[in-house]
Amino acid sequence: MSYSEEDIAALVQPTKVHRNVYTDPEVFDLEMDRIWKNSWIYIGHDSQVAEPGDYMTLNYGKYPVVMVRDNDSKVHVLHNRCGHKGAKVVDRPCGKNPAFRCCYHGWRYRLDGKLLGVPHLPGYEDTGFDKNDPQYSMQKLARYDSVRGFVFASMNPDAPDLRTWMGGAADVMDNLCDRAPEGEVEAAGGVLRYEHDCNWKMFIENLNDTMHPMIVHRSVVESAMDYIKTLPEDSPRRDEAEIIPPFGASYENFEESGITGFAHGHHYDGGKTSIHADYTLDPEYEAAMLKAYGKERMLDILSFNTHNTLYYPSLTIKSAVQNIRVVRPIAYNKTIIETWSFRLKGAPDSMLRRTLLYSRLINSNGSMVGPDDLTAYIRMQEGLKSQANDWVEMHRNFGRDEDLGDRVVGKGTSDLDMRTQYGAWREYMTGSVA
Amino acid sequence: MTTVVTSQESLREIEALLYLEASHLDKPNLDRWIELFTEDGTYWMPAIPEQEDPHNHISLFYDDRIIMEVRRRNFVHPAAASKDYTVRASHIISNIQVQALDDVSGNCTVTSNFHCYVFYHDKQTPYAGTYTHELVRVDDTYKIKSKRVDLINCDATLGTIIIYI
């Protein structure tokens with residue numbers, strides 16, 4: 001079917017969404033056009049292009065782009081398309097070059113995308129071709145900017161300024177970086193790319209769905225606890241034994257953690273507490289933090305304990321763990337989830353090792369947590385083909401969330417996160433976004 | 001790399017262990033599989049080619065006996081939704097080469113190539129790559145001290161890897 005503006009608006013109701021938002025390829029195409037092109041999309045961290053000439057390639061929604069650092073150390077996000085016949089100019093995941101050169105006819109570009117040279121130029125004389133016309137360059141995306149090194153881009157020239165767009169959710173990104181004694185983080189330890197046979201929204205809707213862990217992750221929690229019981233009492237402490245069991249926390253615990261939602265679909269779970277709150281504080285790390293910040297500020301930073309924070313629609317971060325997951329939609333029923341880990345500058349190496357342990361134990365393709373979540377998404381993708389009920393409900397705690405003006409807060413088990421996302425979805429999709 | 005010349009008898013014993021290990025994963029029978037490892041044994045699947053260590057870079061798997069024990073229990077746990085589906089595998093191992101051998105203890109490092117198909121959730125997925133086994137003599141038999149699995153596409157986008165390969 002073809003959707004009118006009214007049809008699109010009607011897909012989202014205050015307490016339910018129509019199944020077509022997950023199952024219809026046409027809705028997916030509209031989302032890529034209206035949400036992904038108008039929102040700010042996470043590109044990468046500027047530490048991944050640390051030196052002039054460093055680049056990394058990726059897809060922004062459906063579109064090939066490249067992040068690159070130029071000779072003035074400025075980071076750019078360019079369309080990865082030759083101004084000539086349209087070939088992707090760079091095709092490695094990352095690399096370094098003094099300038100870009102297309103593999104086909106050798107057109108060359110400066111690191112900021114400007115066309116430098118075209119072989120055998122006289123053939124273009126008096127043809128109307130203008131080498132300085134930007135359409136023949138590797139064009140810059142309409143907007144790009146960064147917060148604490150996290151680079152975002154937007155294809156909407158009128159998008160709000162990046163920090164304004166993040167609103168109060170920026171506090172979590174600041175907290176992630178403040179957890180470094182030097183106040184900066186850098187990407188470290190590589191990436192995992194995990195293909196999910198499901199709609200992209202199923203992944204982000206699960207992040208702060210606190211009604212699922214005790215069901216979906218019961219098996220790994222019980223398997224771990226069952227084995228821990230067989231170990232002698234004086235067995236050495238293991239990070240795994242702090243990371244896995246909280247996935248089985250009670251409804252009451254998750255309820256207490258609270259959820260906070262913001263404009264544009266962002267939200268986080270936790271604040272005062274989270275499933276990461278009881279990790280043992282590494283003494284060497286504590287000493288480095290104390291030295292850098294003093295006791296009061298250190299406690300301030302470390303007591304802000306969030307679980308997942310979503311920058312709708314493409315980035316989710318864990319400040320207390322220092323890893324992020326990036327959403328790269330491929331089709332209505334296919335999404336790639338990337339997991340990246342970060343080093344806290346000035347922290348002992350043990351902190352990065354714990355982050356990588358977490359990423360492997362919880363988010364890897366071979367983990368005992370992520371595959372169980374994915375199974376639920378795949379079953380939704382299948383089950384929603386049913387015409388038994390066109391709607392997916394999101395009533396939990398409806399009418400009981402509290403609007404504080406710049407944010408909405410609710411119990412940790414509230415569907416506030418769903419309603420926050422679909423509020424933004426509706427705004428982007430109908431063009432009524434602020 | 002020059003491979004070490006071993007007696008036919010030793011080579012047969014090493015081959016037999018690799019085949020036995022693969023047959024436990026084919027079923028899969030993790031209870032029997034774990035018994036082939038030493039108490040400090042590890043299973044490692046790096047996420048990039050020639051990955052130097054499992055701690056300072058992400059891996060797809062890095063299990064010691066403790067995580068193997070958790071995984072063994074989880075694999076048959078009735079509440080694990082991802083394990084609701086039949087898992088069957090078929091391994092072919094070839095090009096077995098002894099890369100290092102301690103003449104006194106018999107401890108050795110063995111590389112081999114593998115092709116493995118895994119049937120899971122209505123889908124059959126091929127995996128291919130190289131195994132590196134560190135084998136040690138314990139009570140007149142070989143045990144696995146470490147198994148490293150280098151997939152040829154370890155740094156590609158991959159789906160769920162539901163079972164040790």
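A residue is called buried here if 20 or more other C-beta atoms lie within 10 Å of its own, with the C-beta atoms placed from the backbone. The structure on screen is a predicted model.

**Stop 1: strand β18 and its neighbours**

Select residues 323–331 of chain A, which form strand β18. Seven of the nine residues in this strand are buried, so by the cut-off above β18(A) is mostly covered.

Add residues 315–318 of chain A, strand β17. β17(A) and β18(A) run antiparallel and are joined by four bridges. To check the register, pick Ile317(A), whose bridge partner in β18(A) is Ile324(A).

Then extend the selection to β19(A), residues 334–344. The pairing of β18(A) with β19(A) is also antiparallel, over eight bridges. Here Arg328(A) stands opposite Ile336(A) of β19(A). The hairpin connection from β18(A) to β19(A) takes two residues, while four residues lie between the strands in the hairpin of β17(A) and β18(A).

**Stop 2: backbone outliers**

Most residues other than glycine have a negative phi, and most peptide bonds are trans. The next selections depart from one or the other pattern.

Stay in the loop between β17 and β18 of chain A and pick Gln322(A). Its phi is positive, about 70 degrees, although the residue is not a glycine. Gln322(A) has 26 other C-beta atoms within 10 Å and is therefore buried.

Move to His264(A), in the loop between β14 (259–261) and β15 (267–271) of chain A. His264(A), likewise not a glycine, has a positive phi of about 70 degrees. Is His264(A) buried or exposed? It is buried, because 24 other C-beta atoms lie within 10 Å.

For the peptide bonds, select Tyr312(A) and Pro313(A): the bond from the former to the latter is cis, with omega near 5 degrees. Pro313(A) sits in the loop between β16 and β17 of chain A. In chain B, go to Lys27(B) and Pro28(B), where the peptide bond is cis with omega near -10 degrees. Pro28(B) belongs to the loop between α1 (8–26) and α2 (30–35) of chain B.

**Stop 3: Phe304**

Back in chain A, Phe304(A) is in the loop between α12 (295–302) and β16 (305–311). Phe304(A) counts as buried because it has 20 C-beta neighbours inside 10 Å. Leaving out residues up to four places away in sequence, Phe304(A) touches Asn175(A) and Gly271(A). For a long distance across the chain, draw a line from the C-alpha of Phe304(A) to that of Tyr109(A): the separation is 45 Å, with the two residues 195 residues apart along the chain.

**Stop 4: helix α13 and the side facing chain B**

Select α13(A), residues 349–363. This helix of 15 residues reaches 21 Å from its first C-alpha to its last, close to the 21 Å expected at 1.5 Å a residue. Of its 15 residues, 12 are buried; among them are Met351(A), Arg354(A), Tyr358(A), Arg360(A) and Asn363(A).

Now show both chains. The contact between them takes 33 residues from chain A and 29 residues from chain B. Besides α13(A), the elements of chain A that each supply at least two residues to this side are β13 (185–196), α8 (218–229), β19 (334–344) and α14 (370–383). Which element gives the largest share of the side of chain A that touches chain B? That is α8(A), with eight residues. By class, the chain A side has 13 nonpolar, 10 polar and 10 charged residues.

**Stop 5: the two domains of chain A**

Colour chain A by its domain assignment: domain 1 is 42–147 and domain 2 is 162–430. Their C-alpha centres lie 34 Å apart. Seven residues of domain 1 and 12 residues of domain 2 make up the contact. On the domain 1 side, β3 (41–45) and β11 (143–147) of chain A give two or more residues. That side divides into two nonpolar, four polar and one charged.

**Stop 6: an open sheet**

Finish on the four-stranded open sheet of chain A, in the order β6-β5-β4-β7 with antiparallel pairing. β6 (75–79) and β7 (94–96) stand at the edges with a single partner strand each, so one side of each has no neighbour in the sheet. The average twist is 25 degrees from one strand to the next. Strand β5(A), residues 63–69, pairs with β6(A) over five bridges. Within that pair, Arg69(A) has Val75(A) as its bridge partner.

Definitions and conventions: Residues are numbered from 1 along each chain as its sequence is written. Chains are lettered from A and ligands numbered from 1 in the order in which they are written. This is a predicted model: local features need pLDDT of at least 70, side-chain atom pairs count only at pLDDT 80 or more; totals for chains, interfaces and linings use all residues. Domain bounds come from an automatic or database domain assignment. Two residues are in contact if their C-beta atoms, placed from the backbone, lie within 7 Å. Ala, Val, Leu, Ile, Met, Phe, Trp, Tyr, Cys and Pro count as nonpolar, Asp, Glu, Lys and Arg as charged, and the others, Gly among them, as polar. Two strands pair if DSSP finds at least two bridges between them. Axes are lines fitted to C-alpha atoms, for helices over the stretch in contact, and angles run from 0 to 180 degrees between N-to-C directions. The expected span of a helix is 1.5 Å times one less than its number of residues.
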